[in-house]
Amino acid sequence: MGSLDFVNSNDNLFNPEEFRKQAHQVVDFIANYYTQIESYPVLSQVKPGDIRNQLPNTAPSQSEPLQSILKDITNVIIPGMTHWQSPNFFAFFPINVSTAAFLGEMLCTGFNCPGFSWQVSPAIAELEMVVMDWLANMINLPKSFLFSGGSGTGGGIIQNTTSDAIIMTLNAARDRVIKKIGTENMMKLVVYGSDQTHSTFEKVSKAVGINPNNIRLIPTVMKKGQPFSMCPIKLRKEIENDVGKGLIPLYLCGSVGTTSTNAVDPLEQLADVATEYGMWFHVDAAYAGSACICPEFRHFFNGIERVDSVSMNPHKWLLTGLGCCCLWVKRSDLLVKAMRVEPEYLKNEWSSTESNSVVNFKDWQLGATRRFNSIRLWLVLRSHGVENLQNHIRSDVRMAKDFELFVKSDPRFEIVVPRLFALVCFRLINPNNNNSEDDNELLNQKLLDLVNSSGKIYVSHTIVGGIYLLRFAVGATLTEECHVIAAWKVIQEGATQLLKN
């Protein structure tokens, strides 16, 4: 065995019985972490370098026992973590999880199969097709986005993040247009979003070769009924101006639930503009798309039948755990044409086949290898069922409504943007500063620092329309009404302390 002569048996590398024993220990460790999670500061209190200074500079030359490793996780790693699964986590958007997601992740890792093509593991490819159609039906997507929809080109794929979804669709849009106008006109392509579109849009646009000067972010305003949503009139004027300069409109990224305030863009009116100028229209519904499994929220998707692609992240609000961004397209053939490469070592009788029965997902993504993520989503959908997932969404929205009422009942605070879904945007107002925005910003920065440094809760902030505000997002799996009430008390006490001073 050459350099591996020291290995006496494969049992040293993987022994099912030893795995069973150690896996039980790790499951117990994780379960204990969750029973104790409220005892930890939600936002890590360590300083830069604290973690590295407690760990050796080199890997151990000999094996170490699991108990020793778990001890270091307890003493070194956990204190350096921000606890996103804490019921007192209200920052950014949730990244929630469930028992079913944990079990699905165990199966995914346990099988350890790279499902890049149909042949290497038919079950991975076909289960993904099934669960993508399941979820598409749950949010009532048009049949043109489904594998089973009859178009022959519709379907979906589980990507890791929204960045992956945008880079794939933007690349397909670029490839389609370049074949018409030639690569020499590449620098004339223009992409459009709003100043509230997720920052990944700008990053991805640069990554696929769009001239940074041709990335348009349409300014939004606090408009009644549609606060901070993209204005179709402004978009059209921007496009007309670009066309007048000899530039070529390529891609429009709309949003259903922006990061800062949960703004929803008017999809139907934006689709009119996109259709007129032949642009690819993608909708990013990373957070709020999950809410559309509830009929009462489905109207936020009105007009979705006219877009080219849509993505949402079940890892944010559907209890699925990180690494699950679902992307649906009407024209999967355009993704495949833009991305397919066929080295000899990957060729087989199915490698060039793309149909309703055979899908090679390596041609739908940037990388080659891919994880069995569909089994995790499959377990979540089967273990909970649609009705329980709907109740989960509604419960979070109800708790956010309660928090909104708390804010409105205290005259020292104001709601800055009307609540949508389970996000409340608010701020503290200093009654003695004549509503100076600079003073209010400083006051709310201090309030944010005060409540977060307490370790009791974690909230985040943003700036929209020149207003600095605090964001309170309900969605952690373990959050209950008592946690929302306690969080509001922490915020009120912080406000009282600041205003006294």
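Leaving aside its neighbours within four places in sequence, with which residues is A400 in contact? The tour returns to this question after an overview of the model.

**The whole chain**

Display the entire protein chain, bearing in mind that this is a predicted model. The chain carries 14 helices and eleven strands. For 501 residues, a compact globule would have a radius of gyration near 23 Å, and the 25 Å of this chain agrees with that expectation. Viewed along the principal axes, the C-alpha atoms fill a box of roughly 75 × 65 × 45 Å.

Next, switch on the surface. Its accessible area comes to about 23500 Å², and carbon and sulfur atoms account for 54% of it. Buried residues make up 50% of the 501 residues. Colouring by charge brings up 45 positive and 49 negative charges, whose mean positions lie 4 Å apart. As for the contacts between residues at least 6 apart in sequence, 73% join residues at least 24 apart.

**Helix α5**

Select residues 122-138, which form helix α5. At 1.5 Å a residue, these 17 residues should span 24 Å; the end C-alpha atoms are 24 Å apart, so the helix agrees with the expected span. Show the side chains of the buried residues in α5, which are I124, A125, L127, E128, M129, V131, M132, D133, L135, A136 and M138. Note that E128 and D133 are among them.

What covers these buried residues? Add strands β1 (155-159), β6 (309-312) and β7 (325-329) to the view, then helices α10 (314-317) and α12 (373-409); the cover of α5 includes each of these elements.

**N140, just after α5**

Move to N140, in the loop between α5 and β1. Most residues other than glycine have a negative phi. N140, just after α5, instead takes a positive phi of about 60 degrees. Is this residue buried, partly exposed or exposed? Its relative accessibility is 48%, so N140 counts as partly exposed.

**A400 and its surroundings**

Now follow helix α12 to A400. The relative accessibility of A400 is 0%, and the residue therefore counts as buried. To answer the opening question, select R419, F421, A422, L423, V424 and V474: these are the contacts of A400 once neighbours within four places in sequence are left aside. For one of these partners, V424, draw a distance between C-alpha atoms: A400 and V424 are 6.6 Å apart in space and 24 residues apart in sequence.

**F421, a contact of A400**

Keep A400 in view and centre on F421, one of its contacts. F421 lies in the loop between β8 (413-420) and β9 (423-428). F421 has a positive phi of about 60 degrees although it is not a glycine. Where N140 counts as partly exposed, F421 is buried, with a relative accessible area of 1%.

**H483 in helix α14**

For the last stop, select residues 481-500, helix α14, and pick out H483 within this helix. How is H483 classed, buried or exposed? With a relative accessible area of 8%, below the 20% cut-off, H483 is buried. To see what surrounds this histidine, show E38, P87, N88, F90 and L478, which H483 touches when residues up to four places away in sequence are not counted.

Methods: Residues numbered from 1 in each chain as written. Predicted model: local features only at pLDDT ≥ 70, side-chain atom pairs only at ≥ 80, totals over all residues. Heavy atoms only, no water. Helix = DSSP H or I, 4+ residues; strand = E, 2+ residues; numbered from the N terminus. Rg over C-alpha atoms; globule rule 2.2 N^0.38 Å. Buried < 20%, exposed > 50% of the residue type's maximum accessible area, 1.4 Å probe, protein only. Contact = heavy atoms within 4.5 Å. Areas by Shrake-Rupley, 256 points an atom, 1.4 Å probe, with all protein chains shown as cover. Lys, Arg positive; Asp, Glu negative; His and termini not counted. Charge placed at Lys NZ, Arg CZ, Asp CG, Glu CD. Expected span 1.5 Å × (residues − 1).
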